[in-house]
Structures are given as C-alpha cells and as structure tokens.
Amino acid sequence: MSELERSYRRLLLAYPAFYRRERGLEMLTTLLDAAEPGQVRPSYGEAAHLLVMGLRFRFVPPTWIGKVAAGLVTIWAAVVLSGAGALAVWAVDDPQTPELATLSDSLAGRQPTFAYDDEAASLLDMGYAHQTAGNFQSYAEEGWEGVLPAPMGRHRIYERVPAAPAVLAEARERLTGAGWQTGPLSRGGINSQAGPDGPNGVLWAHRDGMLLRVSAYDDQTGLTVSAYPVEPAGVLAAALAAFAVGGIAVWQAMTWLAHRAARTPPPTRRLVLLLGLPALIACGVNTLDNVLSMVPNPHTAGVLLAADFMYPLGNQIANPLAAGVIASSLIACGYLVNRAGRLAVA
C-alpha cells in the first residue's frame with residue numbers, strides 16, 4: 001500500500017462505516033486514478049473536501065423528514081439527559097436536611113403544635129414533585145437574595161403565639177447576633193399574605209449550609225419555622241454539559257438511522273415513517289411538558305431552583321408512557337432498517 005493510498009484511507013474514516021462499506025472502495029479507486037504521477041499525499045483541497053463531506057454524512061440527515069425526526073428525538077433526549085447530569089451532581093453532594101428542633105423552639109419560645117418533614121423517596125422525586133407542592137411560588141417576594149434552598153425541608157408549626165411579628169423581629173436580632181446571614185423582614189411569603197400595608201411576616205437566614213425560614217401566619221397568631229439545606233453548586237453546569245454531549249451523540253445516531261432508512265425500498269421507508277410517527281409526537285409533547293414544568297409560573301413569584309433541572313428525568317420515571325412509546329417506536333424502526341439492510345446484502 002502506497003503512502004498516498006494510506007492517506008486517502010485515513011481521510012475516508014471521516015465517513016460513517018455503512019457508507020465506507022457501500023462506496024469506500026469506489027471512492028478510493030477514483031481518488032487514486034485521479035492522482036497526479038508521483039503524488040505522495042492528498043492536496044489540502046482534497047483533504048478538506050473529504051473531511052467536510054464525511055462529517056456531513058455523519059451529522060446531516062438526508063431529506064427534510066429525516067432532519068425533523070432527528071431534531072425532535074435529539075432535543076427530547078438531550079433535555080432528559082440534562083436531568084441525568086443534574087442528578088449526578090446531587091447524588092455526589094446530596095444535601096442533608098439539617099436538624100431544626102432545638103433552634104426552632106428557642107426562637108419561638110415554646111414547643112411546637114406539630115412538626116413534619118417534606119417527603120421525598122428519592123432525589124428525582126424531589127425534582128419532580130416540589131413544583132407541584134407550590135412551596136416556593138412566592139419565594140421571590142420574600143426578600144431573600146442569598147444562596148438558594150434545596151426544596152425539601154423540615155417544618156415546625158407554633159400556633160397561638162401572641163405578638164408573632166414581635167417574636168419574628170426578636171428572632172432576627174438573635175440570629176444576626178449569633179453570626180447568621182439574615183435577610184430583611186418581608187411582607188411576602190407563603191403563610192404571610194398581609195399585603196403591602198400589612199405587618200412584616202417572613203424572615204430568611206443562612207449559616208453553615210442551613211437556610212432558615214421563619215414566617216408568621218397571615219392573622220399573626222402563629223409561626224412556622226422551616227429548615228432547608230443549600231442546593232449544591234455545579235448543577236446547572238452539569239445539566240448543560242449532559243445536554244450538549246447527549247445531544248451530539250443522539251443526533252449522530254439519528255443521522256445514521258435516517259441515512260440507513262433512506263437506502264431501504266419505498267415500502268419499508270413508508271412503514272418506518274408510520275412506526276416512527278408516535279415517537280415524534282411523543283418527543284414533541286413530552287419535551288414541551290418538561291420545559292414548561294421546569295420554568296416557574298410567570299403569574300407567581302417562583303424562581304428556578306437547581307432541583308428543577310432534574311425534572312425532565314424525574315418526569316420519565318413518574319410518567320413512563322412517553323419514554324416507552326419513544327423507545328419501542330425507535331426500536332421497531334431500527335429493526336426494520338437493519339432487516340432491510342440484511343436482505344439487500346443477501
């Protein structure tokens with residue numbers, strides 16, 4: 001094998017394997033026949049052309065139907081995989097809900113009427129369910145501009161607290177003196193809805209990875225003290241990285257499937273399109289549901305929390321119908337394309 005032939009073979013690796021099997025020998029023969037006498041390496045123009053065309057076959061699906069199908073499946077898979085990237089960061093640095101009892105009782109000056117913890121069987125449950133619970137739909141109105149909470153905490157309820165606003169102001173002074181970073185006393189909040197002219201009813205404070213929320217009832221006769229862990233850093237970066245890497249991989253796989261489908265007989269192509277249609281519809285609907293469910297309701301004062309980035313993956317676990325339809329439909333299409341290819345070779 002000459003040096004020129006070895007160079008051409010290396011450049012032809014830019015093309016996908018199926019294309020090299022079908023056209024590789026023909027292309028190599030044509031390139032060698034067109035070479036100048038004594039030529040030992042491809043020209044820069046030839047090398048650039050082969051690389052660009054090879055990458056085009058790898059990353060550009062044939063026909064507009066192939067491009068639409070690849071785009072819908074890729075976007076859906078990339079969004080879901082971004083949830084896997086967010087989950088990986090949460091799993092490595094799983095924030096534990098801090099203890100609350102002693103500190104909370106000292107601030108309220110009494111034992112609680114009752115206490116409860118937010119229930120989450122797993123991190124994905126937290127990412128999927130916290131928006132539905134609505135606990136943070138008024139977060140932006142509560143005056144806190146520090147670190148964000150992981151939205152699963154512990155809560156202690158104190159009913160029949162006389163002069164709750166005064167207790168709240170005293171709690172702020174005590175926390176500030178103990179080295180806590182405290183926010184302003186706010187009128188916004190979940191349990192305090194006194195309006196712009198009402199008494200201050202919400203306080204946030206932070207220290208040592210613990211976010212404390214103290215809120216007065218809207219009738220100022222009771223207090224709720226809640227403790228949340230701080231959400232881990234790097235969740236957004238991991239979600240974006242998983243989105244990009246997953247999107248590139250799935251786009252290439254769908255491009256391969258589209259090229260293979262385009263080389264099948266017309267009856268097989270029509271059957272592939274028919275079987276693939278449910279997957280495309282499910283991809284579009286499920287992607288829209290994932291994105292709209294992650295974004296806070298614009299009619300509330302909610303904010304985007306790191307836990308929200310796990311929602312697309314948690315949604316597949318909680319509601320597997322869409323993922324099942326997409327997977328079964330694509331498997332059926334892949335089987336048909338592969339079977340048609342084997343029959344053509346035979």
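This passage describes helix packing, the largest pocket and two backbone features in a predicted model.

Helix α4, which spans residues 63-92, packs against two other helices described here, α8 and α9. With α8 (235-262), the angle is about 150° and the axes lie 6 Å apart. Angles over 145 degrees count as roughly antiparallel, and α4 is therefore roughly antiparallel to α8. The two helices cross in a right-handed sense. The contact of α4 with α8 comprises 19 nonpolar residues, seven polar residues and one charged residue.

The packing of α4 against α9 (residues 266-294) has another geometry: the axes of these helices come within 9 Å and cross at roughly 40°. The arrangement of α4 and α9 is therefore oblique. In this case the crossing is left-handed. On the α4 side, the contact is formed by I65, A69, L72, V73, I75, W76, V79 and V80. These residues meet L273, L280, C283, G284, N286, T287 and N290 of α9. Eleven residues of this contact are nonpolar and four are polar, while none is charged.

Helix α9 also packs against helix α10, which covers residues 311-318. The axes of α9 and α10 come within 9 Å, with a crossing angle of roughly 125°. This pair is therefore oblique as well, and its crossing is right-handed. From α9, the residues in contact are N286, D289, N290, S293 and M294. Their counterparts in α10 are Y311, P312, N315 and Q316. By class, three residues of the contact of α9 with α10 are nonpolar, five are polar and one is charged. N286 and N290 of α9 thus appear in the contact with α4 and in the contact with α10.

The helices α4, α8 and α9 also take part in the lining of the largest pocket, as does α11 (321-345), each of the four supplying at least two residues. This pocket has a volume of about 410 Å³. Its lining consists of 21 residues, and those nearest the centre are I65, G66, A261, V272 and L273. Two of these central residues, I65 and L273, are also listed in the contact between α4 and α9. Helix α9 provides the largest share of the lining, with seven residues. In terms of residue class, the lining of the largest pocket contains 17 nonpolar residues, three polar residues and one charged residue.

Two residues were also noted for their backbone conformation. T63, a residue of helix α4, has a positive phi of about 65° although it is not a glycine. A positive phi, near 55°, is likewise found at D208, again in a residue other than glycine. D208 is located in the loop that joins β4 (202-207) and β5 (210-216).

Key. Residues are numbered from 1 along each chain as its sequence is written. This is a predicted model: local features need pLDDT of at least 70, side-chain atom pairs count only at pLDDT 80 or more; totals for chains, interfaces and linings use all residues. Side-chain values use heavy atoms; hydrogens and water are left out. Axes are lines fitted to C-alpha atoms, for helices over the stretch in contact, and angles run from 0 to 180 degrees between N-to-C directions. Angles under 35 degrees count as roughly parallel, over 145 as roughly antiparallel, 65 to 115 as roughly perpendicular and the rest as oblique. A crossing is left-handed if the near helix is turned anticlockwise from the far one by less than a right angle, and right-handed if clockwise. Contact means heavy atoms within 4.5 Å. Ala, Val, Leu, Ile, Met, Phe, Trp, Tyr, Cys and Pro count as nonpolar, Asp, Glu, Lys and Arg as charged, and the others, Gly among them, as polar. On a 1 Å grid over the protein atoms alone, a cavity is a set of points where a 1.4 Å probe fits but cannot get out, and a pocket is an open set with protein on both sides within 12 Å along at least five of seven lines; lining residues have an atom within 4 Å of a point. Grid points are joined across faces, edges and corners, and a volume is the space filled by probe spheres set on the points.
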